[in-house]
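Subject: Structure for you to look over

Dear colleague,

I am handing over the structure we spoke about, and below it you will find my notes on what turned up when I went through it. Please read them with the structure open beside you.

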Amino acid sequence: MPQTMVLTWHADDGSRRVFSGQTALTLLVRPNDLDALGHVNNAVALEYLEAGRADWLVRRRMVPAEKIIAVVARIEVDYRVEVRGGEIEVRTELVEPTDGDFDVAGDTFLARFRQQIHRPDVARPAVEAVVTIAFVDARLRRAVTLQNYLDSINWSAVG
């Protein structure tokens with residue numbers, strides 16, 4: 001079993017944020033999520049993963065500003081078990097950067113999440129993914145660092 005990663009970010013004002021642990025989001029498969037074979041379409045599974053990452057951010061009170069956005073740079077996904085109707089659980093965990101990898105000088109440009117979609121009736125994950133996130137200045141349309149992204153969050157507005 002993978003170890004839980006803990007990332008600590010220290011802001012210029014002395015505040016400290018810790019990003020660790022796995023979240024679990026329960027979703028209901030809608031009838032229109034199913035394809036002609038009666039299982040969740042692969043593109044819909046990617047939407048479930050996106051909902052899981054959004055939930056991960058919200059639970060850490062990381063509501064980003066519109067100035068710098070997190071975008072998917074790469075997805076590695078394995079579809080292992082059919083997902084049909086009913087409830088599913090999306091598990092999301094930040095795996096990179098680790099505290100040792102995080103460079104407060106601003107050289108960290110990517111973050112990676114490990115995600116899984118689980119059916120309640122199957123022990124192993126139905127879908128497994130590693131999602132690489134990059135950060136983009138929305139106005140300039142260029143890559144920026146994770147530090148820039150964290151600095152753009154209005155922490156006082158989110159607690």
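I begin with a pair of charged side chains: Arg114 and Glu93 form a salt bridge in this predicted model, with their closest N and O atoms 4.0 Å apart. Because Arg114 lies in strand S6 and Glu93 in strand S5, the pair ties together parts that are 21 residues apart in sequence. The two partners are covered to unlike degrees, since Arg114 is partly exposed at a relative accessible area of 34%, whereas Glu93 counts as buried at 6%.

The search of the whole structure returns 10 salt bridges, and a few others deserve a mention. Asp121 pairs with Arg119, the closest N and O atoms being 2.7 Å apart; here Asp121 counts as exposed, at 58% relative accessibility, while Arg119 counts as buried, at 13%. Asp78, Arg80 and Glu128 are joined into one network by salt bridges that share partners. In a further pair, the side chains of Arg84 and Glu82 meet at 2.6 Å, N to O, and both residues fall in the partly exposed class, Arg84 with a relative accessible area of 42% and Glu82 with 35%.

Turning to the interior, the largest nonpolar core holds 29 residues, of which Tyr48, Ile117, Phe135 and Tyr149 touch the most other members. At least two residues of this core come from each of helix H1 (42-59), strand S5 (86-96), strand S6 (110-118), strand S7 (127-137) and helix H2 (146-152), and H1 gives the most, with six residues. If you would like one residue to start from, Ile117 is a convenient choice: leaving aside residues up to four places away in sequence, Ile117 touches Ala45, Tyr48, Leu49, Val83, Ile88, Glu89, Val90, Pro125, Ala126 and Val127.

Helix H1 also has a part in what is found on the surface, for Leu46 is found in this helix and belongs to a nonpolar surface patch together with Val72, Ile75 and Tyr79. The accessible area of these four residues together is about 310 Å², and strand S4 (residues 68-79) supplies the largest share of the patch, three residues. Why does Leu46 count as partly exposed? The class of partly exposed residues runs between 20% and 50% relative accessible area, and Leu46 has 31% relative accessibility, so the residue falls within that class.

As for the chain as a whole, the secondary structure comes to three helices and eight strands, and from the N terminus on the elements run β-β-β-α-β-β-β-β-β-α-α. The chain has 159 residues, and buried residues make up 42% of them. Among contacts with a separation of 6 or more, 70% are accounted for by residues 24 or more positions apart. The chain exposes about 9,000 Å², with carbon and sulfur atoms supplying 49% of that area.

With best regards

Key. Residues numbered from 1 in each chain as written. Predicted model: local features only at pLDDT ≥ 70, side-chain atom pairs only at ≥ 80, totals over all residues. Heavy atoms only, no water. Core = buried A, V, L, I, M, F, W, Y, C linked by side-chain atoms within 4.5 Å. Buried < 20%, exposed > 50% of the residue type's maximum accessible area, 1.4 Å probe, protein only. Helix = DSSP H or I, 4+ residues; strand = E, 2+ residues; numbered from the N terminus. Contact = heavy atoms within 4.5 Å. Patch = residues over 30% accessible without salt bridge, like charges linked within 9 Å, V, L, I, M, F, W, Y side chains within 5 Å. Areas by Shrake-Rupley, 256 points an atom, 1.4 Å probe, with all protein chains shown as cover.
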